[in-house]
Each structure stands twice: as structure tokens, then as C-alpha cells.
Amino acid sequence: MECEDKDIAKAAEWVRGARRIAVLTGAGISAESGLPTFRGPGGLWRSFRPEELATPQAFAADPRLVWEWYDWRRSVHAKVEPNAGHRALADLGRRAGEFSLITQNVDSLHEAAGSRAVVHLHGSLWTLRCTRCGKEEMNRQVPLEPLPPVCECGAMQRPGVVWFGEPLPDKPLAQALAAAQKAEVMLVVGTSSMVYPAAALPKVARDSGAKVIEVNPEETEMTLAAHASVRGKAGEVLPEIMARVTRDGPGK
Ligand code: OAD
């Protein structure tokens, strides 16, 4: 592994000694499953314009275009599997005393890897929401038929994701803030830390006394504020941290 051994050792020691652990993930954790990130090379926002596809205004102007893009993303997501990084976090969730897994991702790869009670800050590609009655439903049909999909009340449904300019859903945001405030350790994995309010969570955790550990092959907006920054891929670094946590036995 290319990252510094001492950073991994420090991260493993903090994780092993913590009773309350929070994790914030972003698109990078799913990169090794084959899903594109948003901002890096090959990222979605390099080829697509978010203001044409991921805003309430774009949907109002051309719902079919927006739905075609989300239907395409659903078809890509339907083919991928969780990777070793998702599995390591599921393992950590089973071992930790109190554990909160907070994700910005709209895939469900954490759940597919066995994580439970995942806090979804930006919604899910597999949720459809009625534009009139607000009812939400889970739907895994690929491709969607009809497109745009229709609620049982007769109105058009929209993707159950958070678009630019929209607030985050209240309950997940409150759960994420509470977890960040309580955490003794927060792992920040595969996010550029450019999108708020998610990007504020590690700062909340740090200000509340947590050790903040970043796992990312690149430097990010968060790097300077983290107590440890492990340069590497989630699918390599997280299993290595877990191997050390389990090998060295329980901490305090
Ligand atoms: P970004 O695309 O902004 O950042 C992805 C991060 O993952 C970068 O910092 C990469 O260096 C890192 N990365 C790449 N490969 C990795 C790997 N194998 N292991 C670990 N890290 C890796 O994605 P997010 O930060 O998730 O919002 O973006 C935040 C939000 O912006 C998304 O949730 C989405 C987007 O607009 C909505 O859809 C509302």
C-alpha cells in the first residue's frame, strides 16, 4: 500500500479505542465498484452540467430529460456490487459500540454490503417521490416504465434525491449532526468535502472533541483540519485499518 504505515497505525489505534464512531462517506468509496465520482477525472460534473440535470428548475423545465439522466444512472448503479471498503465499514458497524454511517451517496452499496441504519443525506436513486402528494416509494425497476414515472394519485414522480438549491431532509440531517457531536472518532471517506452541509460534519465532530481521520487518495478541503489523513483508496485502506483493529484486540 502506498500510504504511510504510521497514519494507518494511528487511525487503527483511534478506531480501536473509540466507543462512539461516526463515518461520513462520499462518491469515492463507490469508485472501486465502478461508479463515477462527481468532481475528479471522469467525474459526472465533468461531462454533465448540474444546473441542467440536478436542480428543481431543470426538472420543471424538462422533466423527461432529467428523468432520462436518472434512469441512465439507475441502470449503471444496478450493475455494480459493493467493494472491500463498503464491507470493511459494515464490519466496523457490527463491532463498534455506537456507530453511525452517514453517506452523501445515492447508491445503496452500504446496505448491499450489510450496513444497517445508514443515514442518507442526499436521498436515494431507488426512491421515487410524488410531485403532488409527496408519497415516496422504493422502486428498483430498470429501465423505468413509464418514463417519467407516475404516482398512484396520477401525478408525476421525481427522483428521491436532493438537488442543488434544495435543503437536506430534516431527519437524516439531525441524525448526522447528533452523531457528529457524540463521536469520539469520525472517519471521512471518499469525499471532496466541497458540498455543504455534509462537509461541515467533520468540523462539528472535531469541535466536539472527536479525532477526525480522512481516507482519500487526494488532498481535499478537509485535509488540513483532519487529525490524520490516510492517502489511499478506501477499498485498500479501510480493510487494512479493520485488520489492525481486530488483530490488536479491543482497546480501552
Ligand atoms: P466528489 O466527486 O466531489 O469527490 C470524490 C472524492 O473521492 C474525491 O476527493 C476523490 O479524491 C475521492 N476518491 C476517488 N477515488 C477514491 C477511492 N478509491 N477511495 C477513496 N476516495 C476516493 O464526490 P462527493 O464528495 O461525494 O450531491 O460529492 C458530494 C456531493 O456532490 C454528492 O453527494 C453530489 C454531488 O453534487 C448530490 O447529488 C446532492
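Asp207 is exposed, with a relative accessible area of 61%. In this predicted model, the side chain of Asp207 meets that of Arg206 in a salt bridge, with N and O 3.5 Å apart. Arg206 itself is partly exposed, at a relative accessible area of 29%. Elsewhere, salt bridges with shared partners connect Asp5, Glu240 and Arg244 into one network. The points below treat the salt bridges, the ligand site, a buried asparagine and several backbone features.

**Salt bridges**

- The whole structure contains 14 salt bridges according to the search made of it.
- One of these pairs is Asp5 with Arg244, whose closest N and O atoms are 2.5 Å apart. This pair ties together distant parts of the chain, since Asp5 belongs to helix H1 (residues 5-17) and Arg244 to helix H10 (residues 234-247), with their positions 239 residues apart.
- The two partners differ in their surroundings: Asp5 is partly exposed, with a relative accessible area of 48%, whereas Arg244 is buried, with a value of 11%.
- Another salt bridge joins Arg95 and Asp91, and here the closest N and O atoms are 3.0 Å apart.
- Arg95 and Asp91 both lie in helix H6 (residues 84-95), and because they are 4 residues apart there, about one helical turn separates them.
- Arg95 counts as exposed, its relative accessible area being 51%, and exposed means over 50%.

**The ligand and its surroundings**

- The ligand is surrounded by 23 residues, and the closest of them are Phe38, Arg39, Thr191, Ser192 and Asn216.
- Sorted by class, this shell consists of 9 nonpolar, 10 polar and 4 charged residues.
- Backbone atoms take part in the polar contacts with the ligand. A polar backbone atom of Phe38 is 2.7 Å from an oxygen atom of the ligand, and a polar backbone atom of Gly190 is 3.2 Å from a ligand oxygen atom.
- A side chain contributes as well: a polar side-chain atom of Thr191 lies 2.6 Å from an oxygen atom of the ligand.
- On its own the ligand has 800 Å² of accessible area, of which the protein covers 90%.

**Asn105, a buried loop residue**

- Asn105 is located in the loop that runs between strand E2 (98-103) and helix H7 (109-112).
- With a relative accessible area of 4%, Asn105 is buried, because a residue counts as buried when this value is under 20%.
- The side chain of Asn105 makes polar contacts with the backbone at Gly26 and Ala27. The backbone oxygen of Gly26 is reached at 3.0 Å, and the backbone nitrogen of Ala27 is likewise reached at 3.0 Å.
- Leaving aside residues up to four places away in sequence, Asn105 touches Thr25, Gly26, Ala27, Ile29, Ser30, His120 and Gly123. Gly26 and Ala27 are thus among the residues that Asn105 touches, as well as being the partners of its side chain in the polar contacts above.

**Cis peptide bonds**

- Val142 and Pro143 are joined by a cis peptide bond, with omega at about -10 degrees.
- Pro143 is placed in the loop between strand E5 (136-138) and strand E6 (157-161).
- Tyr196 and Pro197 are also joined by a cis peptide bond, and omega is about 10 degrees in this case.
- Pro197 is placed in the loop between strand E7 (185-189) and helix H9 (201-207).

**Positive phi angles outside glycine**

- Ala117 is not a glycine, yet it has a positive phi of about 50 degrees.
- Ala117 sits in the loop between H7 and strand E3 (119-120), and at 72% relative accessibility it counts as exposed.
- Ser193 is not a glycine either, and its phi is positive at about 55 degrees.
- Ser193 sits in the loop between E7 and H9, the loop in which Pro197 is also found.
- In contrast to the exposed Ala117, Ser193 is buried, with a relative accessible area of 5%.

Technical notes: Residues numbered from 1 in each chain as written. Predicted model: local features only at pLDDT ≥ 70, side-chain atom pairs only at ≥ 80, totals over all residues. Heavy atoms only, no water. Near = heavy atom within 4 Å. Polar contact = N/O pair within 3.5 Å; in protein donor to acceptor, adjacent residues only side chain to side chain. Areas by Shrake-Rupley, 256 points an atom, 1.4 Å probe, with all protein chains shown as cover. Nonpolar A, V, L, I, M, F, W, Y, C, P; charged D, E, K, R; others polar. Salt bridge = Lys/Arg side-chain N within 4 Å of Asp/Glu carboxyl O. Helix = DSSP H or I, 4+ residues; strand = E, 2+ residues; numbered from the N terminus. Buried < 20%, exposed > 50% of the residue type's maximum accessible area, 1.4 Å probe, protein only. Contact = heavy atoms within 4.5 Å.
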